[in-house]
Amino acid sequence: MAAKTAAESRPMRISIKNLSFSYRKARQAAGAAQEEAALNNVSIDIRAGEYITLLGENGSGKSTLISCINGLLAPPPGAIAVFTPEGAQLDPANEAHLERIRSLTGMTLQNPDLQIIGCTVEEDVAFGPENLNLSKAEIQSRVTNALQAAGLLHLRDRAPHLLSGGEKQRLALADILALDASVLIFDEPTSMLDSYSAKTILDLFDTLNSQGKTIIHITHNHVEALRSRRSIVLREGKVAFDGVPEAWDELEEWRAAYAGKSVVFSGFSGASPHSQPPAAAPAAVQFFSAFHQYQRPAARSITGIHGVSLRIPRNSTTAVVGKSGCGKTTLLKHINALLLPSSGNVVTLGADTLDKRVNLRNLRFKAALAIQSPESALFERYIADDVAFGPENAGLKGAKLVQRVKTAMEASGLPFAAFADRETTSLSGGEKRRAALAGALAMDSEILLLDEPLAALDNKNKRHVMELIFECQAKGKTIVVTTHSLEMAAFFDYVAVMDKGRLAAFGPPEAVFGELWNPDWGLAAPKLQNARPAPTYAPARPDAPPEPPAQPRRRRKAGKPFFRTASFRGFIDIDSPLRNLKPLVKMAALFAAGTISIAGSLYAPLVVSLIVILSGKLLGKIACKTLLRSVFAVLPFLLLFVFLQTAFLWGNDSSPILFQPFQTGFFSFFSITSTELYRSLAFICRITSLIAALSLYIAATPLRETLSAINTSLSPLSRLGLPARDIAMMAGISIRFVPLLTEEAERIVTAQLSRGGKRGLRSSLAMVVPLLLLSLERAETLANAMSLRLYKTGA
């Protein structure tokens with residue numbers, strides 16, 4: 001009682017009384033609009049200095065609740081009161097109060113990539129204080145203090161896209177710290193982080209709370225809930241529990257089992273229904289000293305996996321663990337030949353992926369992959385059509401196809417009758433992950449590859465996925481899963497630890513988490529107590545058979561990497577005269593090169609291209625192939641344009657016909673005249689010179705300098721009353737949007753190829769609608785992030 005009295009004596013920060021909120025959604029099954037209660041009569045008081053974890057199943061109303069607090073959603077008037085330090089009450093239903101509320105209640109979104117605005121870490125953190133119209137000295141002080149608190153002071157000049165996942169989460173934290181908010185709200189900040197990065201973030205929460213900040217942490221993780229002093233559990237929009245974490249029955253049962261009886265993963269107890277297959281069992285997957293390097297537009301490549309030798313037995317379950325960026329996803333993509341080793345070999349089900357005689361598309365039917373971001377890769381309009389994509393490519397039709405789709409959806413927790421005709425865009429995050437899992441299950445493949453299948457799922461769905469994995473093993477399948485959860489990995493037959501692209505350890509969980517454990521991996525070892533009997537066989541080690549398979553004909557790549565080579569995100573940080581040139585001068589040179597290329601004769605773009613290549617080589621230390629890489633990527637589109645240009649006779653074209661293969665008949669219209677040939681060559685030369693010039697500019701100029709130059713060039717407009725800052729910022733956001741969309745397109749292509757898709761017209765058209773919807777969704781999320789950091793148009 002004394003503790004309760006002490007807590008109640010603290011100043012009130014947020015008071016919620018009888019809050020109800022509903023979304024209006026069209027229910028196709030009902031054929032009419034229906035109210036869905038996301039929150040139902042919720043009452044919560046939050047006081048200064050509290051550390052609260054907010055838990056609940058997917059769709060229980062957690063994100064809706066915090067969106068009502070900061071006004072991203074409009075709550076009923078009078079249902080929520082946010083208190084200033086002076087005690088004044090603010091209502092998020094009142095638009096005039098929103099700016100003050102958001103300065104008091106800082107919030108980070110689930111995905112930090114979608115809320116980055118600045119070109120450098122420092123610029124991103126400064127965005128909020130700038131919107132408060134503070135002095136330069138005050139802005140600099142707040143930015144420095146926020147970066148220091150978040151542990152990013154040494155990275156203040158780094159571009160945000162070069163940060164790790166944990167560093168991006170700390171950047172999002174620094175963004176709201178710079179607003180000097182007294183209440184900090186975090187929406188699942190650790191769901192996609194490794195244990196080391198997650199611990200760093202959670203330790204930072206503890207520090208901030210000890211300094212008097214009020215923390216509201218949304219999470220599905222019960223271990224994280226135990227770090228708080230108060231847990232609030234939502235269930236179907238209602239408060240199901242509000243008190244100390246230890247008093248919550250489900251949480252206490254989980255903690256007791258975890259600490260004593262056995263390893264329990266989020267309420268799931270038990271182990272694989274099969275005994276561990278012996279190391280001598282036939283191999284499903286073998287790696288022979290496999291290396292892979294990602295080629296970047298920059299001067300250096302990035303190593304994905306480094307000398308990996310690995311043997312995974314058939315009918316086994318393997319969990320691949322490690323820190324973010326250690327090579328887990330790269331390893332999975334080698335198993336189904338989405339990626340090929342730069343050197344070494346990978347053999348899947350007896351087929352060497354580098355052997356030209358192996359049909360990679362047929363191999364992918366046998367090794368289905370559910371990618372890490374399924375919400376970005378559901379490319380069909382309706383769920384059943386998306387799940388059917390793989391089986392259709394395998395030749396399944398009619399009733400057999402329907403039955404395969406129905407079975408996969410039911411197994412994934414998506415009842416066929418309720419979800420078959422639902423649009424993929426209407427699904428929640430958890431439902432999208434289950435739909436992606438259904439798409440992989442529908443392949444009925446011998447090997448099932450799951451990339452972070454439990455991320456952002458509630459405990460109920462995590463348990464369901466775990467049970468599904470062991471059901472697949474009982475049917476004779478081999479399952480390979482990547483995960484950040486070592487508690488989950490403890491249930492698998494084998495654990496593979498990746499560290500900086502290398503295979504650091506491989507064997508049963510008892511061996512990997514015991515005698516093989518190395519703290520240098522940067523992971524937190526789970527507690528293993530009687531989880532399963534000790535193995536009676538020699539555990540498999542990361543030693544491969546000595547002789548790799550013979551290869552009479554080696555293939556070089558699995559497919560044309562269009563989206564990587566076509567991206568213009570290629571700044572090369574090399575000290576050179578061109579790099580040190582003022583950005584405004586380089587922008588003027590780029591404009592001049594483009595004008596000459598377009599307005600000049602045929603020789604003008606050739607001269608421009610030559611000057612660009614020589615300037616890049618002599619002044620910028622940039623190779624010619626780097627400048628022309630994007631030209632090769634768009635070459636098919638250039639050739640298509642040339643064909644259309646020459647296929648038809650222009651009305652005013654009286655030049656001699658150089659080539660006409662069909663003198664009579666339907667195709668007699670096709671001919672090539674000297675004028676058409678000249679126009680086609682001029683078009684190719686102009687496009688080539690423009691791409692080369694733009695590539696050189698981007699390679700020699702960091703994005704922050706480009707945007708600074710744009711801002712400087714537009715500053716005279718502010719004297720005329722025009723919003724120069726808004727225009728410059730929108731230009732910067734648009735530039736950063738291009739690589740984001742190319743990454744989304746690459747995910748869609750990856751999902752299609754993983755389920756037997758071909759690179760063709762159908763797959764290209766299938767990307768148009770998802771990309772459009774994703775761009776709108778990203779734009780809306782970014783607008784929300786800007787609003788939360790107090791941005792106002794024209795300010």
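**A helix pair, two buried residues and the overall fold**

In this predicted model, helix α20 (residues 583–599) and helix α23 (residues 674–700) have axes that come within 9 Å of each other and cross at roughly 175 degrees. Because angles over 145 degrees count as roughly antiparallel, α20 is described as roughly antiparallel to α23. On the α20 side, the contact is formed by Pro583, Lys586, Met587, Leu590, Ala593, Gly594, Ser597 and Ile598. These residues meet Arg686, Ser689, Leu690, Ala693, Leu694, Tyr697 and Ala700 of α23. By character, the residues of this contact between α20 and α23 comprise ten nonpolar, three polar and two charged.

It helps to set this pair within the whole protein. The protein contains 26 helices and 22 strands, and buried residues account for 53% of its 795 residues. When contacts between residues at least 6 apart in sequence are considered, 72% of them join residues at least 24 apart.

Two strand residues offer a closer view. Threonine 348 belongs to strand β14, which covers residues 343–348. How buried or exposed is threonine 348? With a relative accessible area of 0%, threonine 348 is buried, because the cut-off for that class is under 20%. A polar atom of the threonine 348 side chain lies 2.6 Å from the backbone oxygen of isoleucine 335. Isoleucine 335 also appears among the contacts of threonine 348 once neighbours within four places in sequence are set aside, together with Ala284, His334, Thr353, Leu363, Ala367 and Ile447.

The second example, leucine 90, is located in strand β5 (residues 89–90). Leucine 90 has a relative accessibility of 11% and so counts as buried too. Isoleucine 80 sits ten residues from leucine 90 in sequence, with 8.2 Å between their C-alpha atoms. Leaving out neighbours within four places in sequence, leucine 90 is in contact with Ile80, Ala81, Val82 and Thr84, and also with His97, Arg100, Ile101 and Leu104.

Finally, a word on the cysteines. How many disulfides does the structure hold? The number is zero. Among the cysteines, cysteine 326 is buried, at 4% relative accessibility, whereas cysteine 624 is partly exposed, with a relative accessible area of 32%.

Definitions and conventions. Residues are numbered from 1 along each chain as its sequence is written. This is a predicted model: local features need pLDDT of at least 70, side-chain atom pairs count only at pLDDT 80 or more; totals for chains, interfaces and linings use all residues. Side-chain values use heavy atoms; hydrogens and water are left out. Axes are lines fitted to C-alpha atoms, for helices over the stretch in contact, and angles run from 0 to 180 degrees between N-to-C directions. Helices (H or I, at least four residues) and strands (E, at least two) are DSSP runs, numbered from the N terminus. Angles under 35 degrees count as roughly parallel, over 145 as roughly antiparallel, 65 to 115 as roughly perpendicular and the rest as oblique. Contact means heavy atoms within 4.5 Å. Ala, Val, Leu, Ile, Met, Phe, Trp, Tyr, Cys and Pro count as nonpolar, Asp, Glu, Lys and Arg as charged, and the others, Gly among them, as polar. A disulfide is a pair of cysteine sulfur atoms within 2.5 Å. Buried means under 20% relative accessible area, exposed over 50%, partly exposed in between (1.4 Å probe, protein chains only). A polar contact is a pair of N or O atoms within 3.5 Å; within protein, one must be able to donate a hydrogen and the other to accept it, and residues adjacent in sequence count only if both atoms are side-chain atoms.
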